[in-house]
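Q: Got a minute to go through this model with me? I'd like to start with how some helices pack.

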Amino acid sequence: MPKSVPVAIFDCVVFGATGDLTLRKLLPALYYRFRDGQIQSESRIIGAARSRLTDEDFRDRACKALEKHVAPDDQDPHTMRSFLGQLFYISIDASRADADWRLFDRVLDDGAVRVFYLATSPDLYGPICQALGAAGLVTEKSRVVLEKPIGHDLHSALAIIENVGKVFSEAQTFRIDHYLGKETVQNLMALRFANTIFERLWTADVIDHVQITVSETVGLEGRGGYYDRSGAMRDMLQNHMLQLLCLIAMDPPVSLEADRVRDEKLKVLRALKPLDPHEVATQTVRGQYTPGAIDGKPVPGYMADLGADESSRTESFVALKAEVRTWRWANVPFYLRTGKRLPSKMSEIVIQFRAVPFSIFPEESAEWRPNSLVIRLQPEEGMRLEMMTKDPGPGKLRLSPTSLDIRFEKTFGRRFPDAYERLLMDTVRGDPTLFMRRDEVEAAWNWVEPILEAWAARPDHPRPYPAGSWGPTAAIALIERDGRTWHEDVE
């Protein structure tokens, strides 16, 4: 495979450098980009956290993380040594007013692009940015990357946007949603706008409904403190899933220029029908997992994972029905569900087409299933078109469902980069196309917040569901009372 074109020389400062995100995702992503020739040897990755570590200590931790999270076949000893040599570390407590930000002077290159990646709690976004500005560390070629969630609600999101905006312009601010960096998600643009066959079918006349599912088998994984303050709605649906909905529902942009694409996504968010408290009760379901089994092994419930004595009203599962009020999507429901401790780890979008209006085939000749387009984000990124075909052989004509299956890694014969690899390099280039603009963040919170407020006003707790199931039975009823059913993967 040909080497990638290197990006500009840059310094990447990662706050929260000893955390799970840095070790599990960011460092492996940067290693792969270095291995493929996209990161020049003059570039540097600077970890910053409270832990008292030397450069060598940090490199040792990074080495162990790479050995764990990089595929064995990709672990070239010489390349790893060279990459680790570009890592440095600054011990700093960003929450302290007396922190010495001059420590960065020894490692930052005045002429390089500067990427400040905030893999920290959102309440530190404003203080860190203001400290960077006060210390004179922000140059014209600087960018700041903010991990989700942007705030806990609309008020806190606006406060973060304002405080960060005092130091970094909107063009310098990159609000990252790693789902937008997935190859399959980017292929949605090509699928829709480079293929006449699909764009002509992308209307309420042909599509019956859309399903978006993001399921996880894991529980809290030591993130109980964060998760219990956030829940599934803030952690997954308000950002990842609404962004997927936007890419499915948006109209064609006039060009691929970043703001033209984001203009169309914003129109979708603003077209979402608000849910009043009565509709929240009938069109949303929240749940919390109880003890059960995953892959045949017993797992504890939410409260045991949380390690709390008192009960919690935080949801680990959400299912809801949304409506996009445009001509293209009139009367086409969007069903979204996400949760922890579900039977499989999976992210997929199902475009369910309408059934044929009249069949010329005898009922006994077919196992009828309306056409659907299944877009798989993970695992095994790809797309599958499910259609009816004739069974081969002589005798009476019989029909059965058949799939036209495209699995990207198998089809193209090479490894597909992780989403963070693409997004980190886009940040260095200054390309904001796959990042959220501030008005997108505001619009998403404007739609989600009334749902959260309606839940908070209700006396009931999230509905229990056994770990290893597909959530509360009410989630099944949510879609089946409309005469539809959740998609089940059929190979």
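A: Sure. Helix α9 (residues 258-271) packs against helix α14 (residues 438-457) at an angle of about 15 degrees, and their axes are 9 Å apart. Axes here are lines fitted to C-alpha atoms, for helices over the stretch in contact, with angles from 0 to 180 degrees between N-to-C directions. Helices are DSSP runs (H or I, at least four residues) and strands are too (E, at least two), numbered from the N terminus.

Q: Before we go on, what are the ground rules for the model?
A: It's a predicted model, where local features need pLDDT of at least 70 and side-chain atom pairs count only at pLDDT 80 or more, while totals for chains, interfaces and linings use all residues. Residues are numbered from 1 along each chain as its sequence is written, and side-chain values use heavy atoms, with hydrogens and water left out.

Q: OK, so how are α9 and α14 oriented to each other?
A: They're therefore roughly parallel, the label for angles under 35 degrees (over 145 is roughly antiparallel, 65 to 115 roughly perpendicular, the rest oblique).

Q: Which residues make that contact?
A: On α9, Arg262, Lys265, Leu266, Leu269 and Arg270; on α14, Asp439, Glu440, Ala443 and Ala444. Contact means heavy atoms within 4.5 Å.

Q: And which residues of α9 are buried?
A: Ala258, Val261, Arg262, Glu264, Lys265, Leu266, Val268, Leu269 and Ala271. Buried is under 20% relative accessible area, exposed is over 50%, and partly exposed is in between (1.4 Å probe, protein chains only).

Q: What covers them?
A: The cover includes α6 (183-193), α8 (224-249), β11 (317-323) and α14.

Q: Switching topic: at what angle do α1 and α13 pack?
A: About 70 degrees, with the axes of α1 and helix α13 (residues 419-429) 8 Å apart. That makes α1 roughly perpendicular to α13.

Q: Who's touching whom there?
A: Leu21, Lys25, Leu26, Ala29, Leu30, Tyr32 and Arg33 of α1 meet Tyr420, Glu421, Leu424 and Met425 of α13.

Q: Where does Asp36 sit?
A: In the loop between α1 (20-35) and β2 (44-49).

Q: Is Asp36 buried or exposed?
A: Buried, at a relative accessible area of 8%.

Q: Last one: what does Ile9 contact?
A: Ile9 lies in the segment before β1 (10-15). Setting aside neighbours within four places in sequence, Ile9 is in contact with Gln40, Glu42, Ser43, Ala112 and Val113. Ile9 counts as partly exposed, at 31% relative accessibility.
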